[in-house]
Amino acid sequence: MKFLQTRLPGCVAIEPDVHGDARGFFFEAWNAARFAAHGLPAQFVQHNVSRSQRGVLRGLHYQWPDNPQGKLVTVLEGEVYDVAVDLRRDSPTFGQHAAAILSAENRRQFWIPEGFAHGFLVLSETALVTYLCTAPYDRASENALRWDDPVLAIDWPLAEVQLSDKDAAAPCLDAIPPGRLPRGLP
């Protein structure tokens with residue numbers, strides 16, 4: 001596995017070693033010892049799967065103040081533009097984002113630590129996305145950040161997107177009360 005640091009400390013793109021032949025392929029998607037050696041979680045408590053069509057944008061979501069989640073995102077079918085936004089108020093990269101193209105073809109994974117918002121935009125006809133989480137879903141701590149907040153300056157690769165009502169109504173970063181933003185995380 002190759003662990004590639006992004007421009008945001010803590011957000012890591014992971015490229016597995018893929019072993020293929022005429023029968024297909026095999027790769028190790030997660031290994032507790034290898035991840036721990038790179039400072040990434042060695043334990044997950046929830047596994048989520050979603051299927052979406054082209055143009056669906058899910059996010060930007062995060063949990064705070066209770067049960068903050070780190071997520072290891074993988075695309076099993078299709079292709080997505082995956083984004084992490086640093087929401088840690090005391091971080092030198094507060095409000096900045098990192099992005100990665102994840103696809104079934106490139107098999108790249110994206111680690112989004114606790115204290116970051118996460119979202120993805122489906123670029124292919126459909127996409128099957130799976131993510132391992134370090135904490136269970138907690139409705140009371142669920143928060144969303146506006147996907148097209150001009151302060152974030154995320155260059156989403158599609159002009160037209162499909163959003164849930166919740167995501168369409170999400171506030172911009174400067175409208176989120178400080179108590180609903182992470183603080184003090186590594």
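# A guided tour from the nonpolar core outwards

Begin with the largest nonpolar core, a group of 20 residues in which Leu60, Val85, Leu87, Leu145, Ile154 and Trp156 have the most contacts. Two or more residues of this core come from each of E6, strand E8 (79-86) and E11. A separate core of 19 residues lies apart from it, and Leu8, Ala84, Ala100 and Phe120 are among its members. Please bear in mind throughout that the model is predicted.

**Stop 1: Val85**

Select Val85 and display its surroundings. Which residues does Val85 contact once its neighbours within four places in sequence are left aside? The list comprises Leu60, Gly95, Gln96, His97, Gly115, Phe116, Ala117, Leu145, Leu152 and Ile154. Of these contacts, Leu60, Leu145 and Ile154 also appear among the residues with the most contacts inside the largest core.

**Stop 2: strand E6**

Next, select residues 57-63, which form strand E6. This strand is mostly covered, with 5 of its 7 residues buried. Leu60 is found in E6, and the peptide bond that leads from Gly59 to Leu60 is cis, with omega near 10 degrees.

Now add the strands that pair with E6. E11 is joined to E6 by 3 bridges, and the two run antiparallel; within E11, His118 stands opposite His61. Strand E13 (residues 142-144) also pairs with E6 in the antiparallel sense, over 3 bridges. There, Glu142 of E13 stands opposite Gln63.

Continue past the end of E6 to Pro65, in the loop between E6 and strand E7 (71-77). The peptide bond from Trp64 to Pro65 is cis, with omega near 10 degrees.

**Stop 3: Gly119 in strand E11**

Move to strand E11 (residues 116-122) and select Gly119 within it. Is Gly119 buried or exposed? Its relative accessible area is 0%, so Gly119 is buried, the cut-off for that class being under 20%.

Display the contacts of Gly119 beyond four places in sequence: they are Arg58, Gly59, Leu60, Tyr81, Asp82 and Val83. A distance label between the C-alpha atoms of Gly119 and His61 should read 6.4 Å, although 58 residues separate the two along the chain.

**Stop 4: the largest pocket**

Show the largest pocket, which has a volume of about 380 Å³. Of its 24 lining residues, select the ones closest to the centre: His61, Lys71, Tyr131, Glu142 and Lys166. Two of these have been visited already as strand partners, His61 opposite His118 and Glu142 opposite Gln63.

Which elements give two or more residues to the lining of the largest pocket? They are strand E5 (46-53), E6, E11, strand E12 (126-133) and helix H2 (165-168). E6 gives the largest share of this lining, 6 residues. Colouring the lining by class will show 8 nonpolar, 11 polar and 5 charged residues.

**Stop 5: the cavity**

The structure holds 1 cavity of 30 Å³ or more. The largest cavity has a volume of about 50 Å³. To see its lining, select His61, Tyr62, Gln63, Pro68, Gln69, Lys71, Ile112, Pro113, Phe116 and His118. His61 and Lys71 therefore deserve to be kept on display, as they line this cavity and are also listed at the centre of the largest pocket. E6 and E11 each supply at least two residues of the cavity lining, and the largest share, 3 residues, comes from E6. By class, the lining of the largest cavity has 5 nonpolar, 4 polar and 1 charged residues.

**Stop 6: a hairpin**

Turn to strand E3 (residues 18-21) and strand E4 (residues 24-27), which run antiparallel and are joined by 4 bridges. How many residues does the hairpin use to join E3 to E4? The connection runs through 2 residues. For a reference pair, select His19 and Phe26: Phe26, in E4, stands opposite His19.

**Stop 7: two backbone exceptions**

Finish with two residues in loops. Arg107 lies in the loop between strand E9 (97-103) and strand E10 (109-112). Its phi is positive, about 55 degrees, although Arg107 is not a glycine.

The second residue is Ala153, in the loop between E13 and H2. Ala153 likewise has a positive phi of about 55 degrees without being a glycine. Is Ala153 buried or exposed? Ala153 counts as exposed because its relative accessibility is 57%, and the class begins over 50%.

Key: Residues numbered from 1 in each chain as written. Predicted model: local features only at pLDDT ≥ 70, side-chain atom pairs only at ≥ 80, totals over all residues. Heavy atoms only, no water. Buried < 20%, exposed > 50% of the residue type's maximum accessible area, 1.4 Å probe, protein only. Contact = heavy atoms within 4.5 Å. Pairing = 2+ DSSP bridges. Core = buried A, V, L, I, M, F, W, Y, C linked by side-chain atoms within 4.5 Å. 1 Å grid on protein atoms, 1.4 Å probe; cavity = no way out; pocket = protein on both sides within 12 Å on 5 of 7 lines; lining within 4 Å. Points joined across faces, edges and corners; volume = space filled by probe spheres on them. Nonpolar A, V, L, I, M, F, W, Y, C, P; charged D, E, K, R; others polar.
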